[in-house]
Structure formats: structure tokens, C-alpha cells
Amino acid sequence: MTRERRHGAGARARGSVYALVLGTVAIAVAMVLGGLELSQIASRRARVESDVLNARALADSALEQALHRLMQVPEWRKAYDGVDIDLEVPALDVGTMSARVFDPDGDLIGDEQSEALVWGIGVAGGARQIAEATIRPTPRAVGALHSAVHAVGAITIAGSVVSDAPITSAASVTASGSARVGAHVQAPIVSGAIYLRSTRKSDPGYNVPSHVDGPAYWASQATNIPISAISSRKIEQQYIGPTSNPWGLANPRGIYVIDCQGQSLTVSDTAIDGTLVLLNTGSATVLSKGVRITAPPGQPALVVQGPITLSIVSGTFEVPLLGGGTIIGGLLGGTGVLTSTQTSGIEGLVFATGALAVQATTVVHGTIIGGSTLTLGGAVTVRHMPELLDAPPKHFWDALLVRVAPGSWKQAVDE
Amino acid sequence: MRQRRRAPRARAFSLIETALATVIVGGLMLAVVEGVGASVKAGRVAGDRQRAGLLASMLLDESSRLPFQDPEAASPPPLGLDDGEQHAKRETLDDVDDFDGLDESPTDPGGNALDGVQGWTWRCEVVNVDSTGKTGDDSGLKRITVTVLDGGGRALARAVRIRARARDEAARTTAQPVTAPAYFDTQIVGGLK
């Protein structure tokens with residue numbers, strides 16, 4: 001018995017060394033595996049971070065390429081409605097890219113001037129990143145808006161004219177007699193005297209608005225004033241604007257159209273806040289004496305389909321108030337307030353498709369565009385309005401350019 | 001007596017047992033040291049790659065933020081540094097392709113060395129890419145590639161992106177900047193208010 005017990009104790013002792021070795025083995029294996037796992041985690045994290053950085057760079061790359069493509073395809077709304085934008089470089093060795101454009105309201109092709117979202121999508125390894133920008137279609141003004149005065153036909157200067165921007169013609173500029181031209185001039189033919197600033201004999205290459213679409217569009221936005229309603233076809237001592245139409249309902253944007261039906265119309269001592277559209281004017285149509293037209297941003301001041309003469313006298317004139325409710329320049333007409341003092345001049349864009357004459361002491365702050373011949377007489381002053389280039393009225397631009405809304409470039413989340 | 005003498009012999013490890021255990025434990029210790037060493041090394045490499053990736057991304061962002069083309073050049077000049085520009089002082093660079101050929105120790109834009117990257121190098125290549133993605137003439141796209149290498153010349157990270165001229169154009173707030181013709185100055189001859 002005692003012997004067996006002792007043998008049993010010896011066996012247990014021999015077994016314990018193996019247990020010790022096994023325990024050591026287990027600890028060692030655990031340490032090695034733990035270390036390997038930690039290093040793998042670190043490697044994985046490094047790889048994931050690298051993938052994210054690469055995917056982000058790819059997303060930005062895709063967005064830039066998308067803008068590049070949209071600028072090349074004028075009809076991009078139709079071309080990429082529901083379809084990925086084809087990228088010139090769709091993949092780099094770190095991953096792939098794609099891009100799409102969409103309208104948040106779901107209608108990409110409905111309105112050419114509505115904003116759209118562009119997504120650049122980058123994929124690298126297991127990471128996917130999206131860069132987003134808002135596109136704001138921005139009108140590019142017709143070239144003629146670079147000038148103070150521009151005509152498709154010949155310009156004849158018979159008086160004195162001063163301007164801070166060029167007078168340009170696609171045909172010729174002729175200063176006759178004792179004319180004094182205080183502005184830079186550019187036209188294929190420049191002749192006569194006296195030019196006080198530089199002249200350049202070349203076609204400026206400017207485009208002008210359509211003779212049909214421009215007047216038609218603005219007429220469609222206007223409230224009609226029948227020529228038959230205008231006594232003797234003379235508008236005198238009137239105030240016309242968003243709150244006042246002496247012949248009917250007021251147009252909230254102050255846009256009014258008169259179809260002259262070939263007859264001549266005279267407008268004098270009249271103030272207009274908005275846009276006056278004259279169609280089919282007779283050859284003796286004239287804005288004379290005191291006339292003020294002030295166009296709000298995005299609207300022309302005067303659109304004429306046919307010939308017209310601007311013979312406006314600078315200085316002030318009086319416009320009678322119609323009584324309570326009529327607001328002119330912040331003045332409310334009413335008891336004791338009988339007239340409003342107005343300063344002559346046109347603030348905004350003037351466009352006439354027919355022969356255009358500007359004379360007397362007309363002052364224009366904007367641009368005068370003649371679709372035919374143009375005559376400058378008297379002592380005319382034209383001050384250029386650069387804002388017209390930034391925000392030209394509709395149909396006075398020739399393209400909608402892709403512009404990114406400031407601050408809209410950001411990381412996006414795919415929902 | 002006999003039994004009392006045998007008892008201690010029975011409880012002790014035999015020479016073979018001890019030798020075997022020593023060999024096993026010794027071998028294991030070697031394996032542990034090697035394994036732990038390898039994992040420490042792998043962890044260090046992973047950390048280096050992580051840092052290198054951030055550096056590459058930083059240089060990529062810095063270069064792509066600049067204008068597509070030298071703002072002072074009327075026509076596209078050759079890629080690379082222009083007059084008065086230095087890669088060692090990146091704040092002198094003013095367009096994307098000025099980064100082409102950069103091969104320096106990583107520094108901040110002012111040229112001050114960065115910590116923890118001694119012996120490292122970063123390189124930048126900027127090329128025009130054409131419509132097939134291959135290098136070619138200027139078609140409005142440039143590919144920027146940044147590579148970060150350790151002291152032994154081993155590439156730790158590489159970052160690449162495309163930069164388009166369109167982004168500069170699209171960033172303008174207006175359709176056309178009012179770029180005045182050469183003759184268009186602000187002098188007024190009089191008569192204007």
C-alpha cells in the first residue's frame with residue numbers, strides 16, 4: 001500500500017512538470033497570438049485610414065472631373081439625367097471614381113436655371129467617400145453688355161458723348177462735324193473727329209440679343225396697355241410702376257407692354273419703375289422732356305421692337321400724384337402732396353431692334369444696344385453698369401455657365 | 001529505511017524530464033521573442049504607413065488647393081517651378097504644377113522640419129492627363145501623385161488625385177469676370193456724375 005502510494009506521488013510529480021510546460025506553452029502562445037493580433041489590428045487600421053484618405057481624394061477628383069465634363073456639355077441636364085457622368089479618368093491605381101448630377105426636387109431638366117447637386121464618388125479598398133457641390137447655373141451676358149453703347153449697324157455721332165466704357169459697333173463709327181467723343185471707340189471703321197480717347201479699328205465681335213425672342217419674352221411678362229387707351233398716343237405726366245398703372249391693373253414687377261401697331265408714341269414727363277416694352281413702334285416714337293425709367297436688377301429698362309428716339313432732357317421734372325395709395329420713390333400721394341419731383345435719366349438696359357437715336361441731354365446709367373443703326377446727338381452721357389454683366393436680364397445672355405455655389409463643396413453622406 | 005530512501009527519488013524530476021522541459025521552454029522563449037519582435041515591428045511599420053498616408057494626403061491637399069494655372073501667366077507655362085519659387089519653401093508656390101519635381105524631407109509650408117519623420121522623403125509628380133487618362137498636352141486635367149518614402153527608400157504611402165481647371169472656373173462667383181479690355185480704363189473725360 002505504502003509503496004503504491006509513493007509510486008502514485010512520483011507519478012503526480014512527473015505529471016506536474018508537463019503541466020508546468022503546457023502552462024508555459026499556453027502563456028507563450030497567448031502572448032505571441034496577442035501580439036500578432038495587435039499588429040494585425042494596427043495594420044488593418046492603417047489600411048482603413050489609407051483607404052479613406054484615398055477614397056476622399058478620388059471623390060474630390062471625380063467631382064472636379066464632373067465639373068470639367070458639365071462645362072463641355074451644354075445640354076448636360078438632358079445628357080446626365082439619371083445617368084452617371086462619364087469621366088475622362090474613371091480609375092487611378094488606388095481606386096475608382098464615378099459622378100452624378102441630380103436636382104434635389106427630382107426634376108433635373110425642368111428648369112435650366114435651377115440649382116443642381118453634383119456628387120463625386122470615390123472607392124478605395126473598402127472605403128467609399130462622396131464629395132458634393134451645388135451647381136448654380138449662371139448666365140453669361142451677351143458681349144454687347146461690355147460696352148456703354150453698342151450697335152449692330154453704323155453709329156453716327158453728331159454731338160458730344162462721354163462715357164466711362166467703350167462705344168462699339170460691328171459696322172462703323174463716324175463722328176461728324178464738330179462731334180466730340182469722350183469714350184474709347186472700337187469698330188471696323190472709325191472715321192471723323194474729334195476722338196478724345198483711344199480708337200481701335202476692329203470688330204469687337206460682340207453678340208447681341210435676339211430681335212425676336214428678347215422683346216417677345218419681356219412682352220410675355222408684361223401687363224398690356226392698349227394703344228387705343230392712350231389719349232392721342234401720348235403718355236404725359238404719369239407714374240407707372242409695380243403699384244400704379246393709369247390704364248388698368250398694376251404689374252407687380254412694373255413690366256408694361258404697349259403694341260403701337262406701327263403708330264408713333266410719345267412718352268414725356270413720366271416716371272417708370274420697372275420695364276417698358278414697346279412693340280411695332282412708328283418711326284416718330286420718342287421719349288422726350290423729362291423721363292425717368294429705373295429698372296430693378298434682372299430686368300431691362302426699355303425694350304423696343306422697332307425704331308425709337310431718346311430725347312430726354314436731364315434735370316428734374318414733376319409728376320402729379322394720383323392721390324392716396326400712389327407711391328413714387330417712397331412718397332405717398334395724398335392730401336397736401338400734389339406732385340413728386342423726379343430726376344431724368346434711364347437706369348438699366350436699353351435695347352431697340354430698329355433705328356435708335358439718342359439726343360438732347362439724355363443720361364443713361366447702363367448700356368444702350370442698337371439692333372440696327374444708332375445716332376448719338378446733343379450731349380449724351382452714358383455711364384456703364386458692370387452689374388449687368390454679373391446678372392444680365394433674361395434673353396440678354398447667351399449661355400448658362402456652370403458655377404459652384406460658394407461654400408457648397410463638402411463631404412456628403414449617401415442616404 | 002528502504003522506503004524512506006526511495007521517497008525523495010520518486011518526487012524529484014528526472015534528468016531527462018528537466019532537459020526536455022528546458023529545451024521546450026527555451027524554444028518557446030525564442031519563438032515568443034521572435035513573435036513579439038515581429039509584431040512590434042509590424043506595428044511600427046503600420047504606424048509609419050499611417051503617418052506617411054497622412055503626410056501624403058496633406059501634401060496632396062496643399063497642392064490641389066492652389067490654382068490650376070499660374071495666376072500671373074498669360075498662357076500655360078511649362079509644368080514645374082516658375083521664377084522665384086522653391087520647393088524648400090512651399091509658401092512661394094502659387095499653382096498646382098509648381099509641386100512637380102518636389103523631392104524633399106517633409107516640412108511645413110515654411111520649410112521647417114516635421115517631427116518623427118527624420119530620414120523620410122516625399123516626392124510629388126504633376127502631369128497633364130488627356131482624355132484617356134494618359135499623360136499628354138494640357139486638356140484641363142492634371143494628375144498629382146505624392147509618394148512618401150522612409151530612410152531606406154521604401155515607399156510607405158502613395159496618394160493620387162485629379163485636378164481640373166473647371167474647378168477654378170466654377171469657383172468664380174460670376175459668369176464672366178469683368179475683365180476690362182486693354183483700352184478700358186477708369187478715366188472719365190468729364191460730364192459724368
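A pocket, as the word is used in these legends, is an open set of grid points with protein on both sides within 12 Å along at least five of seven lines. The structure shown is a predicted model.

**Figure 1. The largest pocket, lined in part by helix H1, helix H2 and strand S33 of chain A.**
The space in this pocket amounts to about 490 Å³. Its lining is made up of 20 residues, and those closest to the centre are Val73(A), Pro74(A), Glu75(A), Trp76(A) and Leu400(A). Three elements of chain A each supply at least two lining residues: helix H1 (2-72), helix H2 (76-79) and strand S33 (397-401). Of these, S33(A) gives the most, with four residues. Sorted by class, the lining of the largest pocket holds 12 nonpolar and eight charged residues, and no polar ones.

**Figure 2. The second largest pocket, with lining elements from chain A and chain B.**
About 410 Å³ of space lies in the second largest pocket. The lining consists of 24 residues; nearest the centre lie Ser50(A) and Asn54(A) together with Gly53(B), Ala157(B) and Arg158(B). Two or more lining residues come from each of H1 of chain A, helix H2 (15-65) of chain B and strand S4 (155-164) of chain B. H1(A) provides the largest share, 10 residues. The lining of the second largest pocket divides into 12 nonpolar, five polar and seven charged residues.

**Figure 3. The largest cavity, lined by residues of H1 of chain A and H2 of chain B.**
The structure holds one cavity of 30 Å³ or more, and the volume of the largest cavity is about 30 Å³. From chain A, the lining includes Val17(A), Tyr18(A) and Val21(A), while Glu17(B), Leu20(B), Ala21(B) and Ile24(B) line the cavity from chain B. H2(B) gives the largest share of this lining, four residues. By class, the lining of the largest cavity has six nonpolar residues, one charged residue and no polar residue.

**Figure 4. The aromatic pair of Phe102(A) and Trp119(A).**
Over all chains, a search of the whole structure finds three aromatic pairs. One of them joins Phe102(A) and Trp119(A) in an edge-to-face arrangement, with 5.3 Å from centre to centre and 90° between the planes. Phe102(A) lies in strand S2 (residues 95-102) of chain A and Trp119(A) in strand S3 (residues 116-124) of chain A, so the pair ties together parts that are 17 residues apart in sequence. Phe102(A) is partly exposed, at a relative accessible area of 25%, whereas Trp119(A) is buried, at 9% relative accessibility.

**Figure 5. The aromatic pair of Phe351(A) and Phe396(A).**
The ring centres of Phe351(A) and Phe396(A) are 5.6 Å apart and the ring planes stand at 90°, so this pair is edge-to-face. The pair links distant parts of the chain, 45 residues apart: Phe351(A) belongs to strand S28 (residues 345-352) of chain A, and Phe396(A) to the loop between helix H4 (387-390) and S33 of chain A. Phe351(A) is buried, with a relative accessible area of 0%; Phe396(A) is buried as well, with a value of 1%.

**Figure 6. Charged side chains over the rings of Phe68(B) and Trp409(A).**
In chain B, Lys142(B) lies over the face of Phe68(B), at 4.1 Å from the ring centre. Between chains, the charged end of Arg167(B) sits over the ring of Trp409(A), 5.7 Å from the centre of that ring.

**Figure 7. The surroundings of Arg100(A) in strand S2 of chain A.**
Arg100(A) is partly exposed, with a relative accessible area of 30%. The C-alpha atoms of Arg100(A) and Trp119(A) are separated by 5.4 Å, although these residues are 19 residues apart along the chain. Leaving aside neighbours within four places in sequence, Arg100(A) is in contact with Asp84(A), Ile85(A), Leu117(A), Val118(A), Trp119(A) and Ile121(A).

**Figure 8. The surroundings of Thr275(A) in strand S20 of chain A.**
Strand S20 spans residues 275-279 of chain A, and Thr275(A) lies in this strand. Thr275(A) counts as buried, at 0% relative accessibility. Apart from neighbours within four places in sequence, the residues in contact with Thr275(A) are Gly254(A), Ile255(A), Tyr256(A), Gln299(A), Pro300(A) and Ala301(A).

Technical notes. Residues numbered from 1 in each chain as written. Chains lettered and ligands numbered in written order. Predicted model: local features only at pLDDT ≥ 70, side-chain atom pairs only at ≥ 80, totals over all residues. Heavy atoms only, no water. 1 Å grid on protein atoms, 1.4 Å probe; cavity = no way out; pocket = protein on both sides within 12 Å on 5 of 7 lines; lining within 4 Å. Points joined across faces, edges and corners; volume = space filled by probe spheres on them. Nonpolar A, V, L, I, M, F, W, Y, C, P; charged D, E, K, R; others polar. Phe/Tyr/Trp six-rings, centres within 6.5 Å; stacked < 30°, edge-to-face > 60°. Buried < 20%, exposed > 50% of the residue type's maximum accessible area, 1.4 Å probe, protein only. Lys NZ or Arg CZ within 6 Å of the ring centre and 35° of its normal. Contact = heavy atoms within 4.5 Å.
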